[in-house]
Every structure is written in C-alpha cells, then in structure tokens.
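Reader: I would like to learn how to read a structure like this one. Can we go feature by feature?

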Amino acid sequence: MTGRVRTAILLSGRGSNMQALVAAARRPDFPAEIALVLSDRSQAPGLEAARQAGLSAEAIDYRGFSGKPAFEAELDARLRAAGIELVCLAGFMRILSASFVERWEGRILNIHPSLLPDLRGLNTHERALAEGRAEHGCTVHYVSAELDAGPIIVAARVPVLPGDDSETLAARVLVQEHRIYPRALKSAAVALRAGGAGAG
Ligand code: GRF
C-alpha cells in the first residue's frame, strides 16, 4: 500500500490522546491519517469528541458480546473493513488477547503512563508517588502479548515535584503523552511504509 498509513484509534475514555493524534495527523505532511475511532464503551466521551472532529467513530459495546473472542472478532472485522494498517490504543482499557495481538503484530501501538519497563499495569501515578520516585513519565510502545512489555518507540520523563498528588503528576505526564504519541505514530508509520507491509 502507498499513501498515508490508515490508522485507527481505540479508546475507552475521555480521548485526549486521540485528540493529540488527530491534531498531528491534520498536517498534510504527516505520514498517517486517522481513518477510524472505535470504543468498547458507547458512552466514552472520546467517541463524541471524535465525531465532533468529523471522524468516523463507532462503539463496539463489549457488553453486547458473549466474551472476548467474539468482541475481538468484530473488532478485527471492523479494522479490516476500513483498510486499517496501524492501530493506536489511547486509553483503551481492555487487554487484547495474544491471538489478536499476533494477528496485528507490529501494527498496534499503546501509550502507557510510566517509564517502562517500570510500573507496568494500572495506577502508575499513585505507585510512582508511593515508591517515592524522583522521576516519572510515559512511554509509547508496540503491543506484544505480554502486558506493557513490547518494544519501546519513544518515552518522555517528568520530575516528581514536592507536594505532587496523583492528579498534579498525571497532568504533568499527560502534557508529555500528547507530545510523544504523535511522534511515535509518525515513526511507526514511516517504518511501516519502509518495510513495505500492507494490511494482511
Ligand atoms: C492516558 O493516561 C494513557 O496514558 C492511559 O490512559 C490515559 C488515557 O487518557 N493509557 P485519554 O483518554 O487519552 O485522555
């Protein structure tokens, strides 16, 4: 395939990273386009924000499926139907199965609010504070079957400041998330085209 890399964003919540990716992809020289936004929750605020931005945004409500295999089969079908080549997880709160990840190997990116490999999993800001860390941050990585453990594309550090609580720390990290996720998508899209791979 040629042209801009057709990219889908998967989200479950407010969608601020989605908006950062959309803003970056509006630039004509950006190597990826946001062709689809999907959510496992029909009430996700990010879905409405995506529609307001004029994007194709759909819910695949997890509760309507018998379980993860059926949900993921539908997700896979929608991505393929839209000719999606890269997937960005942006606050998507479901763990994808190993078989789904294998099918999309090297084509799923995730943003995680810690300096990986430290603090995998949930509640990273609370844990960074509880451990008395001096530094925290965020990481964009390729998704592998092991949670928050795939190859790192880019990371950004922030200081933990005296008096921080989880909200102030999360806000400082979020500024960096919005900066690095577009960069990571750009480099993943360029790498995909350089590798000559198309949607299989
Ligand atoms: C971000 O902190 C991201 O790192 C994590 O989930 C949050 C999503 O925020 N994976 P938003 O929906 O992009 O605003």
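Author: We will take a helix, two buried residues and the ligand in turn. Keep in mind that this is a predicted model.

Reader: Start with the helix. How many of the 10 residues of helix α1 are buried?

Author: Buried means under 20% relative accessible area. In helix α1, residues 16–25, 8 of the 10 residues are buried, so the helix is largely enclosed by the rest of the structure. The buried residues are S16, N17, M18, A20, L21, V22, A24 and A25.

Reader: What covers the buried residues of α1?

Author: Look for elements in contact with them. The cover includes three strands from the N-terminal numbering onward, β1 (5–11), β2 (32–39) and β4 (86–89). It also includes β5 (108–112), along with helices α2 (45–52) and α6 (166–195).

Reader: β2 is on that list. Is L36, in strand β2, buried or exposed?

Author: Apply the cut-off for buried, under 20% relative accessible area. L36 has 4% relative accessibility, so L36 counts as buried.

Reader: With what is L36 in contact, leaving aside its neighbours within four places in sequence?

Author: The partners are T7, A8, I9, S56, E58, R78, L79, A82 and I84. For a sense of distance, take F65, 29 residues from L36 along the chain. The C-alpha atoms of L36 and F65 are separated by 21 Å.

Reader: Now a polar side chain. Where does H136 lie, and what does the side chain of H136 reach?

Author: H136 lies in strand β6, residues 135–142. H136 is buried, with a relative accessible area of 1%. For a buried polar side chain, check the partners. The side chain of H136 reaches the backbone oxygen of P113 at 3.4 Å. A polar contact of 2.9 Å also joins the side chains of H136 and H125.

Reader: On to the ligand. Which residues surround the ligand, and where does the ligand sit?

Author: The ligand sits in the largest pocket. Around the ligand are R14, G15, S16, N17, G91, I111, P113 and E177. Two of these names have come up already: S16 and N17 are among the buried residues of α1.

Reader: Which polar atoms of the protein lie 2.8 Å from an oxygen atom of the ligand?

Author: Separate backbone from side chain. A polar backbone atom of N17 is 2.8 Å from a ligand oxygen. A polar side-chain atom of E177 also lies 2.8 Å from an oxygen atom of the ligand. For nitrogen, look to I111: a polar backbone atom there is 3.0 Å from a nitrogen atom of the ligand.

Reader: How much of the ligand's accessible area does the protein cover?

Author: Compare with the ligand on its own, which has 370 Å² of accessible area. The protein covers 85% of that.

Conventions. Residues numbered from 1 in each chain as written. Predicted model: local features only at pLDDT ≥ 70, side-chain atom pairs only at ≥ 80, totals over all residues. Heavy atoms only, no water. Buried < 20%, exposed > 50% of the residue type's maximum accessible area, 1.4 Å probe, protein only. Helix = DSSP H or I, 4+ residues; strand = E, 2+ residues; numbered from the N terminus. Contact = heavy atoms within 4.5 Å. Polar contact = N/O pair within 3.5 Å; in protein donor to acceptor, adjacent residues only side chain to side chain. Near = heavy atom within 4 Å. Areas by Shrake-Rupley, 256 points an atom, 1.4 Å probe, with all protein chains shown as cover. 1 Å grid on protein atoms, 1.4 Å probe; cavity = no way out; pocket = protein on both sides within 12 Å on 5 of 7 lines; lining within 4 Å. Sits in = over half its atoms within 2 Å of the grid points.
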